[in-house]
Amino acid sequence: MMWLSFLLCSWLIASDAQEVIFGQNKYTEYQVGNMSLILTVPHGGSLLPSSIPSRDAGCWDKATRKCSYTHSCPSGTATDSVNCPITTVKDLYTQEMALALTKEICRLTSGYCPHVIINNLSRSKLDPNRDKDEAAFGVPQADQAWDEFMGFIHAAKSRMSNGLLIDIHGQAHAEQWIELGYLISKANLDSGKFSASDSSINALSRRRRDTTFENLLRGSQSLGKLIEEQNSSYVCVPSPSNPGPNGGNYFTGGYIVGTHGSKVSGEVDAIQIELPRWIRESAERPNFAAVLAKALLKFYEFSFGK
């Protein structure tokens, strides 16, 4: 396997891929890897500690037209689910998908495994894919869990000179396709008005000056292409078959990809992957995990190869 030889040369970071580090009360979890790949799973948790109040709508200030996120609204503001909505829906089976993907990558590479960072709290208690205020509503235990989740990402990134973060999510859009988020809006994907500097794979584009950003994003070297070429049932956007959502539903990528990808700085790129439920469920999960593992390894070989 070409990718295995490349991993052996360039991606070995740590010696113990089995080490697991937990945050307070096991609200967060870091499975330490030994390659330059990070998997994050922010919305698959189920823990509902009574000590952390459930997140509700934010507080709307009509004068400033801004939201604040706290369980006790400041004077002059009021809870407003229209102007300051909060999403608490769990992304079912995303933790299971991340673990299946990890197992398959470890198998294909004979023991080289990604870093895996998991939020075990229910999204109603903590949403690590938001800035800290909206994520935790100022609750000390939730604040600490947010800090630990982000700290685990920083710890994983510190072990690599360059690499890739895959942020795993679930969606229920009618199109039932796989959405790969690079921080480029669906309107800009459809119009073609974007550049590498707009994206969470900006560093990749700088490294691979021998190819176009268009090719990396949705052409022959894109992750979407590498997934679809193994199984045409796994329709991706963006990809050669679907360069943009064509007005359809599409998530561009959120806080984790925006903060920990390379749009602003750094050499770790990031992609948000939004999976329809049928792919996440037990019947299809092993098949897709095998496809995604192979696609990611090929994408890495091209992305970080000399």
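Trainee: Which residues does Asp-269 touch, leaving out those up to four places away in sequence?

Mentor: Keep in mind that this is a predicted model. Asp-269 lies in strand E11, residues 268–276. Its contacts include Gly-163, Leu-164 and Leu-165, then Gly-261 and Ser-262. The rest of the list is Ser-200, Ile-201, Asn-202, Ala-203, Leu-204 and Arg-207.

Trainee: Is Asp-269 buried or exposed?

Mentor: Let's use the cut-off: buried means under 20% relative accessible area. Asp-269 comes out at 1% relative accessibility, so Asp-269 counts as buried.

Trainee: Which side chain makes a polar contact with the side chain of Asp-269?

Mentor: Don't mix up backbone and side chain here. The backbone nitrogen of Ala-203 lies 3.3 Å from a polar atom of the Asp-269 side chain, but that's a backbone atom. The side-chain partner, at 2.7 Å, is Arg-207.

Trainee: On to the rings: why is the pair of Tyr-234 and Phe-288 edge-to-face?

Mentor: You describe a ring pair by the distance of the centres and the angle of the planes. Centres within 6.5 Å make a pair, and planes over 60 degrees apart count as edge-to-face. For Tyr-234 and Phe-288 the centres are 5.0 Å apart and the planes are at 85°, so the pair is edge-to-face.

Trainee: How many residues apart are Tyr-234 and Phe-288?

Mentor: Tyr-234 sits in the loop between helix H8 and strand E10, while Phe-288 belongs to helix H11. The pair links distant parts of the chain, and the separation is 54 residues.

Trainee: Which residue joins Tyr-234 and Phe-288 in one aromatic cluster?

Mentor: Tyr-234 and Phe-288 are both buried. The cluster they form also takes in Trp-278.

Key: Residues are numbered from 1 along each chain as its sequence is written. This is a predicted model: local features need pLDDT of at least 70, side-chain atom pairs count only at pLDDT 80 or more; totals for chains, interfaces and linings use all residues. Side-chain values use heavy atoms; hydrogens and water are left out. Rings of Phe, Tyr and Trp (its six-membered ring) pair if their centres lie within 6.5 Å; planes under 30 degrees apart count as stacked, over 60 as edge-to-face and the rest as tilted. Helices (H or I, at least four residues) and strands (E, at least two) are DSSP runs, numbered from the N terminus. Buried means under 20% relative accessible area, exposed over 50%, partly exposed in between (1.4 Å probe, protein chains only). Contact means heavy atoms within 4.5 Å. A polar contact is a pair of N or O atoms within 3.5 Å; within protein, one must be able to donate a hydrogen and the other to accept it, and residues adjacent in sequence count only if both atoms are side-chain atoms.
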